[in-house]
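This report describes a sheet, the helices that pack on it, and the pockets of one protein chain. Please keep the sequence and the model at hand while reading.

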Amino acid sequence: MLYFDPLYSTPQVAAIEQFIDQHYSLAGPVSCRMLQRGLNDVYLALGSNGERYVFRLSHRRARGPADVKTETAFLTHLSQSGVPVAAPIPTREGSLFIQGQAPEGARQAVLFRAIDGRKPDATDAGDARANGKTLALMHNAAETFQPDGALYRLDLEHLLHRPLARIGDSGVVEDADVHSDLEDIAARTAKAIEAFANLSWTYCHGDCHGFNARINDAGEAVFFDFDDGGPGYLAYDLSVFLWAQTSFGRRSTAMWDAFVDGYRAVRPITPDDFEAAHRFVIVRHIWLMGECASRAQEWGSEAVGWIAREANFLRQWETGRCVERLF
């Protein structure tokens, strides 16, 4: 019999429930339902006492295994520093994460207490300010965090050069001229970023686009989804919010202004970091393109076909990125 070699398997919900009951001291038996399947598998877990949890099962990515050791250590540091985040719950043995075996190999699992609150409103300036404030609090707390053996650095190699190579390797961009344009845009962007002499370095959330948060009753943005984080450029961490306001047909910077106001109410932004943030919008977009291109064999070429059209956005952003016009 021919056995297929899986890229990505989906566990039975009953197996997830059994795994949680085995490794965590919750009021059991736990019942689960899947919330989403994709870059991670995410489940809502309910204890028999009504307590709500989120269980995340990491998926293998082209960049390598999930850096859950550093991620969960950082989340614990943030929680202890008073930053509103979804902190990990230790296992019975006291570990902040655990591995399970799937047909495709080991996958890392983390359990979080579910966050109370509502989803942010994309058109609410107060929610944008709350996101900016929490990111600033996070960057303040990051100054006293020392990553121990972090797997990734959110530098240009990780965010730009390797993702560009994944796009090429995937074959989703068939037009040689378009691929050449992407390479040229990436090269100019890298040169412009490297020309800044004093860009700040911090531990980044890595995916602060405005919706990896819940707004609690106090109006705070409580952050989650740190698995794209790591030591990196502070300007990149800022840029993700701006990118979310201006990519995929969106053309508004009003919420970006509110986000920056919220950030600056807690922590200043240097002129270089502020100016570099819009350069990093290109970096963020190419990073996402590379992440999705690396899933072409799993998701199918049709699902990632949009990548071939994104050179238009990058060209338009590059030519219209003037500080006076945007900010």
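Across which strands does helix α2 lie? The model examined here is a predicted one. In this model, helix α2, formed by residues 68-80, lies across β3 and β5. Its direction runs at about 10° to β5.

## The sheet

The strands in question belong to an open sheet of 5 strands, arranged in the order β1-β2-β3-β5-β4 with antiparallel pairing. At the edges are β1 (31-36) and β4 (98-102), each of which pairs on one side only. On average, neighbouring strands of this sheet are turned by 30° against each other, with direction ignored.

The pairing of β1 with β2 can be described in further detail. Strand β2 comprises residues 40-46, and 5 bridges join this strand to β1, the two running antiparallel. Within this pairing, S31 has L46 of β2 as its bridge partner.

Helix α1 (residues 13-23) also packs on the sheet. This helix touches β1, β2, β3 (52-58), β4 and β5 (105-113), and its direction makes about 120° with that of β1.

## The largest pocket

The largest pocket holds about 1,000 Å³ of space. Its lining consists of 38 residues, and those closest to the centre are Q36, V42, N212, F224 and D225. Two or more lining residues are given by each of β1, β2, β3, α2, β5 and α8 (271-293). Strands of the sheet, including β1 and β2, thus appear in this lining together with helix α2.

Which element gives the largest share of this lining? Helix α8 does, with 5 residues. Sorted by class, the lining contains 18 nonpolar, 5 polar and 15 charged residues.

## The second largest pocket

The second largest pocket has a volume of about 310 Å³. It is lined by 14 residues, and L7, A62, S294, R295 and Q297 lie nearest its centre. The elements that give two or more residues to this lining are α4 (156-170) and α9 (296-299).

How many residues of each class are found in the lining of the second largest pocket? There are 4 nonpolar, 4 polar and 6 charged residues.

## Summary

Helix α1 packs on the open sheet, and helix α2 lies across β3 and β5. The largest pocket takes lining residues from β1, β2, β3, α2, β5 and α8, whereas α4 and α9 each give two or more residues to the lining of the second largest pocket.

Notes:
Residues numbered from 1 in each chain as written. Predicted model: local features only at pLDDT ≥ 70, side-chain atom pairs only at ≥ 80, totals over all residues. Heavy atoms only, no water. Pairing = 2+ DSSP bridges. Helix = DSSP H or I, 4+ residues; strand = E, 2+ residues; numbered from the N terminus. Axes fitted to C-alpha atoms, helices over the stretch in contact; angles between N-to-C directions. Contact = heavy atoms within 4.5 Å. 1 Å grid on protein atoms, 1.4 Å probe; cavity = no way out; pocket = protein on both sides within 12 Å on 5 of 7 lines; lining within 4 Å. Points joined across faces, edges and corners; volume = space filled by probe spheres on them. Nonpolar A, V, L, I, M, F, W, Y, C, P; charged D, E, K, R; others polar.
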